[in-house]
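Me: I'm new to this and would like to understand the terms used for a model. Could you go through some with me?

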Amino acid sequence: SLDGFKKAFQNHLPNSEFFYAVKVNHHPAIIKEAIKYGFGLDVSSSRELKIGLSCGGKKFIFSGPGKTADDLTLALRHSDKVIVNIDNFSELERLGKLAAKHKKTIQAGVRIYPKQYGEWSKFGISLGKLKRFFNEAEKYPEIKLRGIQCHISLNADSSPYIEVIKDLNAYLKNNFSKKHLEQIKFIDLGGGF
């Protein structure tokens with residue numbers, strides 16, 4: 001059950017928030033049930049965001065590669081409810097320009113991919129580019145960079161998440177200033193077993 005899932009994690013991570021991945025099943029009855037149990041909605045397209053809004057969603061994480069200008073504009077229109085997880089430097093620039101054009105401020109995270117993916121992934125940036133990404137984000141005052149996302153799929157157990165957390169911790173300690181560390185309000189871990 002949704003409630004059982006939340007309680008299992010909250011026992012160990014009391015400050016956790018939970019987001020239902022709309023791509024799993026976008027039926028309005030299921031989405032409304034997730035919302036009823038206090039879940040936000042994880043969306044990866046304008047279509048999913050519109051469905052979630054029509055179901056009464058109050059908090060969204062908009063993730064996924066290849067977001068179009070229309071996708072980003074829709075997210076900006078609902079910036080009081082949407083956090084955009086940015087996948088790369090060009091998406092950062094596009095969102096920054098659109099936010100300035102529309103005079104909207106939006107919260108954002110950046111997706112990183114773990115070293116297990118090798119030198120390149122279509123999902124996010126390498127951990128080694130994270131400091132540069134935070135520095136680049138300062139060029140766009142309408143974007144409030146607040147988090148780091150890492151989703152890993154097809155796991156047999158929790159060890160990939162543990163490794164990512166250790167790597168991220170070491171990277172942040174060695175590379176981030178106090179100012180940048182204070183910006184980070186969430187770590188978004190997901191994927192599936």
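Me: Which helix gives the largest share of the lining of the second largest pocket?
Reply: H7 does, with three residues. Helix H7 (159–175) and strand S5 (106–113) each supply at least two lining residues; helices (H or I, at least four residues) and strands (E, at least two) are DSSP runs numbered from the N terminus. This is a predicted model, where local features need pLDDT of at least 70 and side-chain atom pairs count only at pLDDT 80 or more, while totals for chains, interfaces and linings use all residues. Residues are numbered from 1 along each chain as its sequence is written, and side-chain values use heavy atoms, leaving out hydrogens and water.

Me: What makes a residue part of the lining?
Reply: A lining residue has an atom within 4 Å of a pocket point; on a 1 Å grid, a pocket is an open set of points where a 1.4 Å probe fits, with protein on both sides within 12 Å along at least five of seven lines. Among the lining residues here are Tyr 113, Lys 115, Val 164 and Leu 168. The lining has six nonpolar, three polar and three charged residues; Asp, Glu, Lys and Arg count as charged, Ala, Val, Leu, Ile, Met, Phe, Trp, Tyr, Cys and Pro as nonpolar, and the others, Gly among them, as polar.

Me: Why are H3 and H4 called roughly parallel?
Reply: Helix H3 (residues 46–54) and helix H4 (residues 69–77) pack at about 25°, with axes 9 Å apart. Angles under 35 degrees count as roughly parallel, so H3 and H4 earn that name. Their contact (heavy atoms within 4.5 Å) includes Leu 49 of H3 and Leu 74 of H4.

Me: What makes H4 oblique to H5?
Reply: The axes of H4 and helix H5 (residues 89–102) cross at roughly 50° and come within 10 Å. Oblique is what remains after under 35, over 145 and 65 to 115 degrees are taken out, so H4 is oblique to H5. Leu 72 of H4 and Leu 98 of H5 are among the residues in contact, which divide into six nonpolar, two polar and two charged.

Methods
Axes fitted to C-alpha atoms, helices over the stretch in contact; angles between N-to-C directions.
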